[in-house]
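Student: Before we discuss any labels, could you show me the model, so that we can set each value against its cut-off?

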Amino acid sequence: LGVVTVSTAAAGTLLPTARSRGLLGCECCGLVSAFAAAPEAARCPRCGFALHARKPLSLQRTSAYLMAAVALYVPANTLPIMSTSSVITGRESHTILGGILELWHTGSWDLALIVFIASIPVPILKIAALALLVVTAHRRSHWRQAERASLYRLIETVGHWSMLDVFVVVLLVGMVRFGAFATVEPAAGLLAFGAVVVLTMLASASFDPRLIWPDEEP
């Protein structure tokens, strides 16, 4: 395809895109192919995957997943995420913050810190960042495009660690069992929070980062 050299003088010039040159990249195997007059019906000649210049309904799907994640984030933080029972304190239910305090008071401050970071700041910042990307892409904004692209890559990187706190609670359930003396059990809040994590991951996967760089075509 050749190499495009960009000078500082042409930094603000709109460069030709693959779509304007009649090329589509396969999201499955990465093969770049030329398409005919009907690109919406094109398929990859190597793996047969459907080719799209943009992900179909990217903003609509991302927005739907985000709204569902926001709706479930409230019960995820208000419903009990785990229940503990012991012969000393009896049966107690803990929300996310209650579980963090319980871990801190029992000396597991490292686990408490991990659960706090993965449960409170990360989901909020991830939802806010994805909402920013959706709004600016919908407006076809040219504001800070390089920074928004870096923000999307950061979201993708953080997404690999999104289930960390859920894994920690599951490990606690498996580890903190002392027969009739003490037990830890997962509660409904854990399911709600797990759904929030999955929905934000789906929202990130549904967003097409190419929309950060709008061209003259819709």
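Tutor: Keep in mind that this is a predicted model. In it, Tyr152 and Phe207 are both buried.

Student: How many aromatic pairs does the structure hold, and what makes the rings of Tyr152 and Phe207 a tilted pair?

Tutor: There is one aromatic pair in the structure. The ring centres of Tyr152 and Phe207 lie 5.7 Å apart, and since rings pair if their centres lie within 6.5 Å, the two qualify; their planes stand at 45 degrees, which is neither under 30 degrees, as stacked would need, nor over 60, as edge-to-face would need, and therefore the pair is called tilted. The pair links distant parts of the chain, with Tyr152 in helix α5 and Phe207 in the segment after α7 (188–206), 55 residues apart.

Student: Why are Cys26 and Cys47 not called a disulfide?

Tutor: The sulfur of Cys26 has its closest cysteine sulfur in Cys47, at 3.5 Å, whereas a disulfide requires the sulfur atoms to be within 2.5 Å, so the two are too far apart for a bond. The count of disulfides accordingly comes to zero.

Student: What makes Cys26 buried but Cys47 partly exposed?

Tutor: Cys26 has a relative accessible area of 7%, and because buried means under 20%, that label applies; Cys47, with 35%, falls between 20% and 50% and is therefore partly exposed.

Student: How do you know that Ser141 is buried?

Tutor: Its relative accessible area is 18%, which is under the 20% cut-off, so Ser141 counts as buried. Ser141 lies in the loop between α4 (121–138) and α5 (145–159), and, leaving aside residues up to four places away in sequence, touches Thr136, Arg148, Ile212 and Pro214.

Note on methods
Residues numbered from 1 in each chain as written. Predicted model: local features only at pLDDT ≥ 70, side-chain atom pairs only at ≥ 80, totals over all residues. Heavy atoms only, no water. Buried < 20%, exposed > 50% of the residue type's maximum accessible area, 1.4 Å probe, protein only. Helix = DSSP H or I, 4+ residues; strand = E, 2+ residues; numbered from the N terminus. Contact = heavy atoms within 4.5 Å. Phe/Tyr/Trp six-rings, centres within 6.5 Å; stacked < 30°, edge-to-face > 60°.
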